[in-house]
Amino acid sequence: MIAVPDAVAEAALGVDGPTYLYDLPGLDDHVRAIRTALGPHVEFFHAVKANPDLGVLRTIASHVDGLEVASAGELAHVRKLGTDLLIAFGGPGKTDAELKSTVDLFHVESRYELARLTGATALLRVNLPVPEGPAVLRMGGLPSPFGMDPEDARKAAVEAPPGVRVIGVHAHLVSGVDAEQAAAVAGEVVRWSVDAGLPREVVNVGGGMAVDYLRPDERFDWARYGRLLRGLAPPGTVLRIEPGRAVSAYHGWYATRVLDVKRSAGSWFAICAGGTHHLRTPAAKGHSQPLAVLPRGSSGPSVDDAPVTFVGQLCTPKDVLARDVVVPRVRVGDVVAFGMAGAYAYNISHTEFLMHPKPAVVHLI
Ligand SMILES: *Cc1c(COP(=O)(O)O)cnc(C)c1O
């Protein structure tokens, strides 16, 4: 079972129905530690798509240099923060209206997009081949709707419309990488930018820092990454990163109650209020969401010391939050706290399916 901080456990034990708990003091410490580990030589942007919760974003915003949005909706949303952070607008298929947004920077995904910009500053997003490695989700160099092939990026650099300033390169090429892998990819991107002779005031090497849902205690080594990045950028180049998941994942919790405990064809099931329509992450990634059972039930069926599959209330066998987790005991009325639910969790979930109520959201402050 995952370790639950005292403040989270206390709040979780008080929930009535499915509830997202955001541990903002914990998040604040975590993001401050990332900022410190990166040192003054790396600019730290945050990818807003990981979690649009305003309490979460406000906490992160107090430590980062900028925010990356990927739609007009996200842009309008982050304006509510009222910060003067730099805002970069990325993402494929930007509409004409989106390309007219007032932002500090566009991450340009194609030559056609560049041609439609006016009076803007831009980084060219490039789809570079990355070295083979155990990266969980390698995107760079494969056919992709994201960014431009290296040759197209070179062409784009010399065909920016008048009034459009191309100041560098953007690349988000991997997902699920450790510090060594992430730094190696950053090195490739910088090297390519120099060799290709592209503008390189800013080189953004993206996000994708690993979050290991099976080993919640094994965190991306930001201190090591910071050390490996030092000295990577040549004079005149600012190195920038843009993580999402590894920033906010650890400080969101989905807490819910057990409604039923039953045995089916030899296997135990705990049926929880809510389900993957609130927390789609385990279904989307095919993992068991780390959890802890907080005893609170006093009647109804229970099971001791057995593998238990935790499911939700949806009428589909895909509604599995965690499979075959051995717990000392689970009983109707207990609270289950699912951890690592602070990124790509509530916001990627199909909340309308079956028309159950939406989860509550509580910020621990
Ligand atoms: C999603 C995304 C990120 C963040 O990725 P994480 O895996 O959450 O760190 C950064 N940059 C771009 C362009 C993205 O699409």
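The legends below describe close-up views of a predicted model, covering the ligand site and the internal cavities. Local features require pLDDT of at least 70 and side-chain atom pairs pLDDT 80 or more, whereas totals for chains, interfaces and linings use all residues. Residues are numbered from 1 along each chain as its sequence is written, and side-chain values use heavy atoms, with hydrogens and water left out.

**View 1. Residues around the ligand.** The ligand is surrounded by 13 residues (a heavy atom within 4 Å), the closest being Lys49, Gly208, Glu242, Arg245 and Tyr344. By class, this shell comprises 3 nonpolar, 5 polar and 5 charged residues (Ala, Val, Leu, Ile, Met, Phe, Trp, Tyr, Cys and Pro are nonpolar, Asp, Glu, Lys and Arg charged, and the others, Gly among them, polar).

**View 2. Polar contacts of the ligand** (pairs of N or O atoms within 3.5 Å). A polar side-chain atom of Tyr344 is 2.6 Å from a ligand oxygen atom. For Lys49, a side-chain N or O atom lies 2.8 Å from an oxygen atom of the ligand; for Arg245, a polar backbone atom lies 2.8 Å from a ligand oxygen. The protein buries 89% of the 390 Å² that the ligand exposes when taken alone (Shrake-Rupley method, 1.4 Å probe).

**View 3. The largest cavity** (points on a 1 Å grid over the protein atoms alone where a 1.4 Å probe fits but cannot get out; lining residues have an atom within 4 Å of a point). This cavity holds about 50 Å³ of space. Its lining has 10 residues, with Arg125, Asn127, Ser144, Phe146 and His172 nearest the centre.

**View 4. The second largest cavity.** About 40 Å³ of space lies here, and the lining includes Val174, Met209 and Tyr225. The lining has 6 nonpolar, 2 polar and no charged residues.

Key: A polar contact is a pair of N or O atoms within 3.5 Å; within protein, one must be able to donate a hydrogen and the other to accept it, and residues adjacent in sequence count only if both atoms are side-chain atoms. On a 1 Å grid over the protein atoms alone, a cavity is a set of points where a 1.4 Å probe fits but cannot get out, and a pocket is an open set with protein on both sides within 12 Å along at least five of seven lines; lining residues have an atom within 4 Å of a point. Grid points are joined across faces, edges and corners, and a volume is the space filled by probe spheres set on the points.
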